[in-house]
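Open the model in your viewer and keep the selection tool at hand. The tour below goes from one selection to the next and says what is found at each.

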Amino acid sequence: MTDHVVPRRDRFGAQDVLTEAVRGLPGRPGRLLLAVLTVTLGVGSLVATLGFAQTGAHQVAARFDAFASTRLVAAPAKNIQDDHDLAVMPWDSDERALRLNGVVAAGLICELDSKTMVIKAVPLNDPEAIPLAPPAVVAVTPGLFSVVDASLVEGTFINAFHQENAELVAVLGANAATTLGITRVDNQPAIFINNFSLTVIGILDTASYHPELQDAVIIPLSSARNWFGLGTAGQLDLDISLGAGDLVASQLPTMLNPNDPSGYAITKPVAASVIRSQLSGDVDALFLGFGLIALVIGSLTTAAITSLAVMERRGEIGLRRALGATRGQIGAQFLTETGIIGLLGGLLGAAGGVLVVVGVCAANSWTPILDVRITVAATLLGLVAGTTAGVLPAIKAARTEPATTLQAGT
């Protein structure tokens, strides 16, 4: 009767692999620090770029919700065949629009044909002066400045008194003021359009819409009509309450012309949710690419450092193989070491990325936006990146022959 032989059970389990990996890492602290740092930079870059992307998209979307989504434009529709206007914009279009619920401010704007005008800051011609391109001349009603959220360097805007009395006054855009050589208005400077003298009452600083105003001489619409032969009222711009776009767009044509409301083209704001999703998607994709590139570079660096460590530890590996360690155990130890490096780098990188986003947002008075799931995923991604970077070095270490390394004395 033969004895039943029970196979010897390998007692080198997962806990032992983890213990050996932890013991092996501090042996070369410089390389360990460098490997962790590369993964930290990769994961931190990924978290920070995604945080900036989400924060930036939120800031742009917030501005859109607060301003762009409250703007509506009305103009005469064009005939497709001959490009003629199908309707006439009434001179009091802004006053009619203000009667509608949801309209906060309204203003007309129309650019004059400045090619037929002589615009200068002095009444006499200087034959030695360098000729400059004349600025554009734009006629507006007072409400337009509120619609475009305009601000002044100094002076005052065109007001209802100027409009009602067709006053010969002008507000200069910043670039037009530079062209005409006017830097202040407290001495009541004058400009000349053809034979008319206009008093400059203000210099425009910014305008959220109609950037062409920066290069223009802005005059009252009534003055353009009375003194410069303006024949059409141009375009009507409205500032409306948030969410009132559909209602105002449906009622405005009838208010402008009850007999034929179909002659007007109304441009109403796009839904904010659509803009937000487009912004978030485009910006996230761009910054995600940058973050992933940084993470790949970190993984490749970790792989190179681990491969170098395998070369330096050939003697240790050969001795462990000679003492009975299997190829799988050697490979598992190196995979575990790189996994620990990746996990440490992921944790430090996620924390660092969050701190960078919060710090930059605090410095700019922004609201930091960062999905918590991104930080968790980034930490796990660091673990995956570290483990993946250790696959080839682990295979190389597992294939090491103990006899060869021991004979070489390494």
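**Stops along the chain**

Start by selecting Ala-166, which sits in the loop between H5 and strand S6 (169–172). Keep in mind throughout that this is a predicted model. Ala-166 is not a glycine, yet its phi is positive, at about 50 degrees. Is Ala-166 buried or exposed? Its relative accessible area is 8%, and because the cut-off for buried is under 20%, Ala-166 counts as buried.

Next, select Asp-149, in the loop between helix H4 (144–147) and strand S5 (151–155). Here too a residue that is not a glycine has a positive phi, of about 55 degrees. Asp-149 has 44% relative accessibility, so it counts as partly exposed.

**The second largest pocket**

Now select the residues that line the second largest pocket: Trp-91, Asp-92, Asp-94, Glu-95, Leu-98, Ala-106, Thr-141, Pro-142, Gly-143, Ala-160, Gln-163 and Glu-164. Two elements each give two or more residues to this lining, namely helix H3 (93–97) and helix H5 (160–164). Which of the elements gives the most to the lining? H5 does, with three residues.

Colour the lining by class, and five residues come up as nonpolar, three as polar and four as charged. The space in this pocket amounts to about 240 Å³.

**The end of helix H6**

Move on to Leu-180, which belongs to helix H6 (residues 174–180). Leu-180 has a relative accessible area of 12% and is therefore buried. Add Ile-191 to the selection and draw a distance between the two C-alpha atoms: it comes to 8.1 Å, for residues eleven apart along the chain.

**A nonpolar patch on the surface**

For the last stop, select Leu-343, Leu-347, Val-372, Val-376, Leu-380 and Leu-383. Together they form a nonpolar patch on the surface, with about 510 Å² of accessible area. Helix H11 (327–363) and helix H12 (372–389) are the elements that give two or more residues to the patch. The most come from H12, which gives four.

Within the patch, pick out Leu-347, a residue of helix H11. How does Leu-347 count, with its 46% relative accessibility? It is partly exposed, because exposed needs over 50% and buried means under 20%.

Terms used: Residues numbered from 1 in each chain as written. Predicted model: local features only at pLDDT ≥ 70, side-chain atom pairs only at ≥ 80, totals over all residues. Heavy atoms only, no water. 1 Å grid on protein atoms, 1.4 Å probe; cavity = no way out; pocket = protein on both sides within 12 Å on 5 of 7 lines; lining within 4 Å. Points joined across faces, edges and corners; volume = space filled by probe spheres on them. Nonpolar A, V, L, I, M, F, W, Y, C, P; charged D, E, K, R; others polar. Patch = residues over 30% accessible without salt bridge, like charges linked within 9 Å, V, L, I, M, F, W, Y side chains within 5 Å. Areas by Shrake-Rupley, 256 points an atom, 1.4 Å probe, with all protein chains shown as cover. Salt bridge = Lys/Arg side-chain N within 4 Å of Asp/Glu carboxyl O. Buried < 20%, exposed > 50% of the residue type's maximum accessible area, 1.4 Å probe, protein only.
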